[in-house]
Amino acid sequence: MIDVINLRKSFGDKEILKGINVTINKGDIVAVLGPSGSGKSTFLRCLNCMEDPTGGSIIFNGVDIADMKVDINVHRRHMGMVFQHFNLFNNKTVLQNVMMAPEYLQCRDLKKAKRANRRIQFKNVFRGKDKKEALVPITTTKEQIKKEVRENALKLLTRIGLEDKADVYPSTLSGGQKQRVAIIRSLAMNPDVILFDEPTSALDPEMVGEVLELMKELAQEGMTMVVVTHEMGFAREVASRVLFMDDGQIKEEAGPQEFFEHPKDARLKEFLSKIL
């Protein structure tokens, strides 16, 4: 699904990523571990081009999204992102937060189709009967889109037990509730992969479990996930592969059992000795 080839990222003279190479297949749960400042979050933000790579390629579903000529917004639809600090809109209700992206994008597509049809109809006036262009099929309305997006958002809120919070504002939620809403907001776009940037690091310890439980459910359902995390238990139990990053490079990559029980890289051994 994602092929990262010689990915580099610099800020001014400081090189943060120094040639990352990794393949993420459909259904993979990849945990990314490493010390602070190792480039983990920058790597994740480059994957969906929130940060433009300085060099290298990111092949996502067959397209190099690091190419500046590619419309990244088309591909971001299929790549969800969950942030450390939730990034919910505080001036919108929980339900509006979950509905916002799919409703906006589907309505925008509808507008584009209608505009295209107006152009086609105008040009068809001057074309012969056998040369008329077919109209873009339109099978929905703005009202239907809103209704369907709302129904799906309510289903997702029910899934995480927060349907009773649909009409409240995020400021009234606990940290764990906010992060679970942020996760289903990503799910509302029906993505191919979800990127998690330290999703539990801003939570009180007692709230971490409820977020990890939802992530485990997604993993069991086959969602492809890339998770930058400090949660060693999650990496051991849920990840199909674990990457260790240090100094802008992937120093070791292995299955969780091999990674934790038989580390090979000296820096990884030192890292694990301090946290386990």
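User: In this predicted model, which helices are included in what covers the buried residues of H4?

Analyst: H4 runs over residues 142-159. The buried residues of H4 are Ile 145, Val 149, Ala 153, Leu 156 and Leu 157. They take up an arc of only 100° around the axis, which places them on the same side of H4. The cover over these buried residues includes helix H3 (94-124) and helix H5 (175-187).

User: Which residues are exposed on the other side of H4?

Analyst: A residue counts as exposed when its relative accessible area is over 50%. On the side of H4 away from the buried residues, those exposed are Glu 143, Lys 147 and Lys 155.

User: How many Å apart are the end C-alpha atoms of H4?

Analyst: H4 has 18 residues, and at 1.5 Å a residue they should span 26 Å. The end C-alpha atoms agree with this, as they are 26 Å apart.

User: What phi does Gly 161 take just after H4?

Analyst: Gly 161 comes just after H4. The phi of Gly 161 is positive, at about 70°.

User: Where does the largest nonpolar core lie with respect to domain 1 and domain 2?

Analyst: This core has 54 residues, and those touching the most other members are Leu 157, Val 181, Phe 196, Met 215, Met 225 and Phe 259. Helix H6 (residues 205-220) gives the largest share, 8 residues. Domain 1 (1-77 + 190-205 + 215-275) and domain 2 (92-126 + 135-189) both contribute residues, so the core lies between them.

User: Which residues are included in the second, separate core?

Analyst: A second core, separate from the one just described, has 29 residues. Among them are Val 30, Leu 44, Leu 47 and Ile 58.

User: Which residues does Phe 259 touch, not counting residues up to four places away in sequence?

Analyst: Phe 259 is one of the residues that touch the most other members of the largest nonpolar core. With residues up to four places away in sequence left out, Phe 259 touches Leu 33, Val 242, Leu 243, Phe 244, Glu 252, Ala 254, Leu 268 and Leu 272.

User: How many residues of domain 2 are in contact with domain 1?

Analyst: The centres of the two domains, taken over C-alpha atoms, are separated by 28 Å. On the domain 1 side, 12 residues make contact; on the domain 2 side, the number is 12.

User: Within what arc do the buried residues of H6 fall?

Analyst: The buried residues of H6 are Met 207, Val 208, Val 211, Leu 212, Leu 214, Met 215, Leu 218 and Ala 219. These residues line one face of the helix, because seen down the axis of H6 they fall within an arc of 155°.

User: Which exposed residues does the face of H6 turned away from its buried side carry?

Analyst: The buried side of H6 is covered by elements including strand E3 (29-33), H4, H5, strand E7 (193-197), strand E8 (224-228) and H7. The face turned away from that side carries exposed Glu 206 and Gln 220.

User: Is Phe 234 buried or exposed?

Analyst: Phe 234 lies in helix H7 (residues 232-237). Leaving aside neighbours within four places in sequence, Phe 234 contacts Leu 212, Met 215, Lys 216, Met 225, Val 227 and Ala 239. The cut-off for a buried residue is under 20% relative accessible area. Phe 234 is at 2% relative accessibility, so Phe 234 counts as buried.

User: What is the relative accessible area of Thr 42?

Analyst: Thr 42 lies in helix H1 (residues 40-47). Thr 42 touches Lys 9, Phe 11, Ile 16 and Leu 17, apart from residues up to four places away in sequence. Buried means under 20%, and Thr 42 is buried with a relative accessible area of 15%.

User: What feature does UniProt place at residues 2-272?

Analyst: Residues 2-272 are 41% helix and 22% strand, and the end C-alpha atoms of this span lie 28 Å apart. The unreviewed UniProt entry places here the feature "domain: ABC transporter".

User: What percentage of the residues in the protein is buried?

Analyst: The protein has 9 helices and 10 strands. Its C-alpha atoms fill a box of roughly 75 × 45 × 35 Å along the principal axes. Of the 276 residues in the protein, the buried share is 47%.

Notes. Residues are numbered from 1 along each chain as its sequence is written. This is a predicted model: local features need pLDDT of at least 70, side-chain atom pairs count only at pLDDT 80 or more; totals for chains, interfaces and linings use all residues. Side-chain values use heavy atoms; hydrogens and water are left out. UniProt positions are given in the numbering used here, feature names are shortened, and annotations may be inferred rather than shown by experiment. Helices (H or I, at least four residues) and strands (E, at least two) are DSSP runs, numbered from the N terminus. The expected span of a helix is 1.5 Å times one less than its number of residues. Buried means under 20% relative accessible area, exposed over 50%, partly exposed in between (1.4 Å probe, protein chains only). The arc is that of the directions from the helix axis to the C-beta atoms. Contact means heavy atoms within 4.5 Å. A nonpolar core is a set of buried Ala, Val, Leu, Ile, Met, Phe, Trp, Tyr and Cys residues joined through side-chain atoms within 4.5 Å. Domain bounds come from an automatic or database domain assignment.
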